[in-house]
Amino acid sequence: MIDPDAPEARQWLREELAKAAYQAARPTWFDRLSKAVLDWFGSLTAPSDSLLAPWVPLVLTVLLGAALVAAYLIFGPPRRARRSTTAAELFGADDRRSSEDLRRAAAAAAAGGDWTLAAQETFRALARGLIERSVLLVTPGTTAHAFADRAAGAFPEHAAGLAEAARRFDRLRYLGDQGTEPDYLQVRALELALRAARPRCLDVLFESAAP
């Protein structure tokens with residue numbers, strides 16, 4: 001008969017409990033969470049001799065549902081993270097870059113003297129910036145001209161500049177024209193102006209909310 005000392009016995013016990021059969025029998029995190037929730041609900045019940053005891057779970061469920069409905073009506077449907085809602089397609093290209101990424105790409109192209117790419121990337125940064133600000137939405141198939149028309153509704157004072165920037169983008173991207181430094185600087189100036197401007201829809205919203 002083997003008679004291990006205390007340290008050896010503890011080691012044998014640890015090795016035995018580490019076997020798969022014992023591990024499988026251990027409660028999972030979901031089991032522990034479920035028990036905690038059930039215990040919490042149980043703690044909220046009325047005393048057993050109360051006539052209201054059977055109604056407590058139903059009342060709690062109704063109150064929780066009412067709170068969820070109120071939150072939906074006040075705050076609207078839950079929004080996904082900005083990155084996940086960012087449209088993958090931007091003017092016919094699969095482009096998931098942020099406006100900041102696009103601005104850096106435009107600056108790098110300008111530093112290298114590639115004015116064609118710099119102007120295009122700046123126009124994309126302009127569009128992506130308005131999408132990120134939830135000013136407007138660019139759906140698959142939206143053209144540069146359609147985007148300019150929508151953006152002009154939010155920034156009517158920049159309507160002419162937007163239309164010209166859209167024509168310049170199409171000319172450089174689809175007609176094979178070579179961009180110039182003025183092309184890039186004009187689009188960049190528009191992008192900077194719109195980044196600092198307040199959309200018209202927000203002005204209307206704040207005016208309607210004013211006393």
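Two aromatic rings of Phe, Tyr or Trp count as a pair if their centres lie within 6.5 Å. The legends below use that term, and the model they describe is predicted.

**Figure 1. The whole chain holds eleven helices and two strands.**
Along the sequence, the elements follow the pattern α-α-α-α-α-β-β-α-α-α-α-α-α. The chain has 211 residues, and 28% of them count as buried. It exposes about 14,400 Å². Carbon and sulfur atoms supply 63% of that area. Among contacts with a separation of 6 or more, 59% join residues 24 or more positions apart. A search of the whole structure finds six aromatic pairs. Two of these pairs appear in Figures 4 and 5.

**Figure 2. Helix 10 turns one face towards its neighbours.**
Helix 10 covers residues 181-196, 16 residues in total. From first C-alpha to last it reaches 23 Å, close to the 22 Å expected at 1.5 Å a residue. Which residues of helix 10 are buried? They are D183, Y184, V187, L190, E191 and L194. Seen down the axis of helix 10, these residues fall within an arc of 130 degrees, so they line one face of the helix. A general rule of helix geometry helps here. An α-helix has 3.6 residues a turn, so residues three or four places apart point the same way. The buried residues of helix 10 pack against helix 6 (99-111), helix 7 (115-132) and helix 9 (159-174).

A closer look at one residue follows. E191 is found in helix 10. Its relative accessible area is 6%, so E191 is buried. Leaving out residues up to four places away in sequence, E191 touches R103, T122, A125 and L126.

**Figure 3. Helix 7 is largely enclosed by the rest of the structure.**
Why is helix 7 described as enclosed? Of its 18 residues, 16 are buried. At 1.5 Å a residue, the helix should span 26 Å. The end C-alpha atoms of helix 7 are 25 Å apart, which agrees. Just after helix 7 comes S134, with a positive phi of about 60 degrees.

**Figure 4. W115 and Y184 form a tilted aromatic pair.**
A pair of aromatic rings is described by the distance of the centres and the angle of the planes. For W115 and Y184, the ring centres are 5.9 Å apart and the planes stand at 35 degrees, so the pair is tilted. The pair links distant parts of the chain. W115 sits in helix 7 and Y184 in helix 10, 69 residues apart. Are the two residues buried or partly exposed? W115 is partly exposed, with a relative accessible area of 22%. Y184 is buried, at 9%.

**Figure 5. F123 and F147 meet edge-to-face.**
The ring centres of F123 and F147 are 5.7 Å apart, with 90 degrees between the planes. F123 lies in helix 7 and F147 in helix 8 (residues 144-154), so the pair ties together parts 24 residues apart in sequence. F123 counts as buried at 1% relative accessibility. F147 counts as buried at 0%. Ring pairs also link F91, F123, F147 and F169 into a cluster.

**Figure 6. Helix 8 buries one side.**
The buried residues of helix 8 are A144, F147, A148, A151, A152 and A154. They cover an arc of only 150 degrees around the axis, which puts them on the same side of helix 8. A148 belongs to helix 8. With a relative accessible area of 4%, A148 is buried. Which residues does A148 contact, leaving aside its neighbours within four places in sequence? A148 is in contact with L162, A163 and A166. The C-alpha atoms of A148 and G161 are separated by 8.9 Å, and these residues are 13 apart along the chain.

**Figure 7. The largest nonpolar core has 27 residues.**
In soluble globular proteins, nonpolar side chains tend to be buried together. In the largest core here, the residues with the most contacts inside it are F123, L130, F147 and L162. Helix 7, helix 8, helix 9 and helix 10 each give two or more residues to this core. Not counting residues up to four places away in sequence, L130 touches V135, L136, F147, A151 and F155. A second, separate core has seven residues, including A106, A109, A119 and Y184.

Technical notes:
Residues numbered from 1 in each chain as written. Predicted model: local features only at pLDDT ≥ 70, side-chain atom pairs only at ≥ 80, totals over all residues. Heavy atoms only, no water. Helix = DSSP H or I, 4+ residues; strand = E, 2+ residues; numbered from the N terminus. Expected span 1.5 Å × (residues − 1). Buried < 20%, exposed > 50% of the residue type's maximum accessible area, 1.4 Å probe, protein only. Arc of directions from axis to C-beta. Contact = heavy atoms within 4.5 Å. Phe/Tyr/Trp six-rings, centres within 6.5 Å; stacked < 30°, edge-to-face > 60°. Areas by Shrake-Rupley, 256 points an atom, 1.4 Å probe, with all protein chains shown as cover. Core = buried A, V, L, I, M, F, W, Y, C linked by side-chain atoms within 4.5 Å.
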